[in-house]
Amino acid sequence: MVTSALLLSLFACESQYVIDDATGDVASDGGKDDPVVEEDTAPDYSEFDGATLVVTAPSSGAFLPYGDVSTFSAEVRGADGTVLAFDDIAWSSDVDAAWLLAGAAVEDDGLDVGTHALTAVADLPNGDRLAYTIGGVLVQSAYTGIYTGTLQVDATAEYDGTAYTAGCSGAITLVVDSYGETVEGDAGCLLSLLGYDLDTAYIFDLANDGGTLSGDAALDLSFYQLDIAASGEITEEGAATVDFSDDVYGFALLDGHVDVTRLTRDISAYSGE
């Protein structure tokens, strides 16, 4: 009796199997001692193997107007060249440490003036880190640049009841700063009037307010400097005019006109920036 009870208890703990009469297959009856098969639930990131990162905007050497909204976009591409759905991209600049963006396509207006190398970095789910850098991205005001052209000065004086007029012209260079706020430069021309030759020089110190220029065109006579009010206009496309007029010590009425166009956006040679 003891032996029979022991055998029954052993068989009760084992899995039982049933033979299917139709197929001959053996199936478990679900006994508690069946082996447990665990499914592999780890995510599959194999699509990122061999992927590359490419910045699509802006391009190397691009000009971005300071204060304007610009687009910064990058793509993660699979080994076969297809664009993968990945948005976790970080942006930085070698010039403006405070400028940090996140996203595959971002619009922003906060990049400071300077010539930047911009880097996009993507930390992929498979553990790879990708980086892509574009260089020479120039950020400054749309007005910024070195402008060259001509200065025309006309002087009218009256002597013994007769009006005499003389004029002169000369080359002029004006420089607009990186933020597009100040316009400075100088010019000169030889003015002959009433038997006198005046080697006149002019120093321009102007402020730009959204394309409207105002300030002084100082007449420098070496022994004295006369500030003459000046005004004008400047366009983002790179053209500017300035006019000034004054009565010079009751001796002559002076009228001046400046007409310049932008020679280059690069002001580093002038300002040392």
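Me: Which two strands form a hairpin with six residues between them?
Reply: In this predicted model, strand E6 covers residues 89–93 and strand E7 covers 100–102. The two pair in the antiparallel sense over three bridges. The hairpin with six residues between its strands is formed by E6 and E7.

Me: Which residue in E7 stands opposite Trp-91?
Reply: Trp-91 belongs to the covered face of E6, along with Ile-89 and Ser-93. Ser-92, on the uncovered face, stands opposite Leu-100 in E7. For Trp-91 the residue opposite in E7 is Leu-101.

Me: What does E6 pair with over five bridges?
Reply: The pairing of E6 with E7 has three bridges, which leaves another partner to name. Ile-89 of E6 stands opposite Ala-122, a residue in E9. The antiparallel partner over five bridges is strand E9, residues 114–123.

Me: Which strands are the edge strands of the five-stranded open sheet?
Reply: The sheet is open and has mixed pairing, with the order E4-E10-E9-E6-E7. From one strand to the next, the twist averages 30°. An edge strand here pairs on one side only. That applies to E4 (63–65) and E7 (100–102).

Me: How many bridges join E5 to E8?
Reply: E5 runs antiparallel to E3, and five bridges join that pair; Leu-53 stands opposite Val-76 of E5 there. E5 also runs antiparallel to E8, residues 105–108. Ser-70 has Asp-108 in E8 as its bridge partner. The number of bridges joining E5 to E8 is four.

Me: Which peptide bond is cis, with omega near -5°?
Reply: The place to look is the loop between strand E3 (52–57) and E4, where Pro-58 lies. The bond in question leads into that proline from Ala-57. The cis peptide bond is Ala-57 to Pro-58.

Me: What is the volume of the largest cavity?
Reply: The structure holds one cavity of 30 Å³ or more. Its lining includes Leu-64, Pro-65, Phe-72 and Val-139. The volume of the largest cavity is about 50 Å³.

Me: Which elements give two or more residues to the lining of the largest cavity?
Reply: Among the lining residues are Leu-64, Pro-65, Ser-70 and Phe-72. E4 spans 63–65, and strand E5 spans 70–77. Placing the residues on these ranges gives E4 and E5.

Me: How many residues lining the largest cavity are charged?
Reply: The lining includes Asp-68, Asp-108 and Asp-109. Its other residues divide into five nonpolar and three polar. The charged residues number three.

Me: Which strand supplies the largest share of the lining of the largest pocket?
Reply: The largest pocket has a volume of about 240 Å³. E13 (182–193), E14 (196–209) and E19 (252–264) each supply at least two residues of its lining. Leu-198 is one of the residues closest to the pocket centre. The largest share, three residues, comes from E14.

Me: How many nonpolar residues are in the lining of the largest pocket?
Reply: The pocket is lined by 14 residues, and the closest to its centre are Leu-198, Leu-219, Leu-221, Val-248 and Phe-251. By class, the lining has one polar and one charged residue. The nonpolar count is twelve.

Me: Is Arg-129 buried or exposed?
Reply: Arg-129 forms a salt bridge with Asp-123, at 2.6 Å from N to O. Asp-123 has a relative accessible area of 38% and is partly exposed. The relative accessible area of Arg-129 is 59%, and the cut-off is over 50%, so Arg-129 is exposed.

Me: Which residue forms a salt bridge with Glu-75?
Reply: The count comes to two salt bridges, one of them between Arg-129 and Asp-123. In the bridge made by Glu-75, the closest N and O atoms are 3.0 Å apart. Glu-75 is partly exposed at 25% relative accessible area, and its partner is also partly exposed, at 28%. That partner is Arg-77.

Conventions
Residues numbered from 1 in each chain as written. Predicted model: local features only at pLDDT ≥ 70, side-chain atom pairs only at ≥ 80, totals over all residues. Heavy atoms only, no water. Pairing = 2+ DSSP bridges. Axes fitted to C-alpha atoms, helices over the stretch in contact; angles between N-to-C directions. 1 Å grid on protein atoms, 1.4 Å probe; cavity = no way out; pocket = protein on both sides within 12 Å on 5 of 7 lines; lining within 4 Å. Points joined across faces, edges and corners; volume = space filled by probe spheres on them. Nonpolar A, V, L, I, M, F, W, Y, C, P; charged D, E, K, R; others polar. Salt bridge = Lys/Arg side-chain N within 4 Å of Asp/Glu carboxyl O. Buried < 20%, exposed > 50% of the residue type's maximum accessible area, 1.4 Å probe, protein only.
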